[in-house]
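I opened a fresh page for this one. My plan was to look things up residue by residue and then step back to the whole chain.

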Amino acid sequence: MILAAEKGDITTIIGGIAPNWGPFGSLGNEARIMIEVVMAIAILLCLGIAIWGAAKQRIGATALRDTFSAEQGKGLIVAGLTGVFIIGSLGTLFTIVYGMAV
């Protein structure tokens, strides 16, 4: 019995169709570090928005009895945490898309 896939693995299959990144292929580690720094700053900014929203929601709901401020705070919390989730998921999504060579 001869198996068709006994000599190769997934890198053999996708290695021929994966992109070579064109002019960005030579950037290497410096580009990855810059992207990581930008993503870290964006995540910290989104977390700051979520914390600001939590403070605004808490102050508006209890101390000032301002329902508009409380609702605005809830929106900021959701926006900040959604931004963190999306930015955090980008690395996984890029890895999956590149790995599948789509």
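**Entry 1: Val37 and its patch**

I started with Val37, which sits in helix H2, residues 29-63. The model is predicted, so I kept in mind that local features need pLDDT of at least 70. Is Val37 buried or exposed? I found neither: Val37 is partly exposed, at 39% relative accessibility. Patch residues need over 30% relative accessible area, so the 39% of Val37 clears that cut-off. I then looked up the patch itself. Ile33, Val37 and Ile41 make a nonpolar surface patch of about 270 Å².

**Entry 2: the UniProt record**

I checked what UniProt lists under "transmembrane region". The entry is unreviewed, and it gives residues 33-55 and 76-101. I took up the span 33-55 in the model. How much of residues 33-55 is helix? The answer is 100%, with 0% strand. The end C-alpha atoms of that span lie 33 Å apart.

**Entry 3: from H2 to H3**

Next I looked at Ile59, also placed in helix H2. At 47% relative accessibility, Ile59 is partly exposed. I read off its C-alpha distance to Ala70: 7.5 Å in space, for 11 residues in sequence.

Then I moved to Ser69, in helix H3. Which residues does Ser69 touch, leaving out those up to four places away in sequence? I noted Lys56, Gln57 and Gly60. Ser69 has a relative accessible area of 10%. Buried means under 20%, so Ser69 counts as buried.

**Entry 4: the salt bridge**

I searched for salt bridges and got one in the structure. Its partners are the side chains of Glu71 and Lys74, with an N to O distance of 3.4 Å. Why are Glu71 and Lys74 separated by about one helical turn? Because they are three residues apart in helix H3. I also checked how open the pair is. Glu71 is partly exposed at 49% relative accessibility. Lys74 is partly exposed too, at 40%.

**Entry 5: Ser89**

I followed helix H3, residues 67-100, as far as Ser89. What does the side chain of Ser89 reach? I found the backbone oxygen of Phe85, at 2.8 Å. A polar contact needs N or O atoms within 3.5 Å, so this pair passes on distance. I looked up the cover as well. Ser89 has a relative accessible area of 19%. The cut-off for buried is under 20%, so Ser89 counts as buried.

**Entry 6: the whole chain**

Last, I stepped back. How many helices and strands does the protein have? I counted three helices and zero strands. From the N terminus on, the elements run α-α-α.

I pulled the burial figure next. The protein has 102 residues, and 12% of them count as buried. Its accessible surface comes to about 8100 Å². Carbon and sulfur atoms hold 73% of that surface.

I closed with the contacts. I took those with a separation of 6 or more. What share of them comes from residues 24 or more positions apart? I logged 60%.

Note on methods
Residues are numbered from 1 along each chain as its sequence is written. This is a predicted model: local features need pLDDT of at least 70, side-chain atom pairs count only at pLDDT 80 or more; totals for chains, interfaces and linings use all residues. Side-chain values use heavy atoms; hydrogens and water are left out. Helices (H or I, at least four residues) and strands (E, at least two) are DSSP runs, numbered from the N terminus. Buried means under 20% relative accessible area, exposed over 50%, partly exposed in between (1.4 Å probe, protein chains only). A polar contact is a pair of N or O atoms within 3.5 Å; within protein, one must be able to donate a hydrogen and the other to accept it, and residues adjacent in sequence count only if both atoms are side-chain atoms. UniProt positions are given in the numbering used here, feature names are shortened, and annotations may be inferred rather than shown by experiment. Contact means heavy atoms within 4.5 Å. Accessible areas come from the Shrake-Rupley method with a 1.4 Å probe; for residues, only the protein chains shown count as cover. A salt bridge is a side-chain nitrogen of Lys or Arg within 4 Å of a carboxyl oxygen of Asp or Glu. Patches are made of residues with over 30% relative accessible area and no salt bridge: like charges are joined within 9 Å, nonpolar side chains (Val, Leu, Ile, Met, Phe, Trp, Tyr) within 5 Å.
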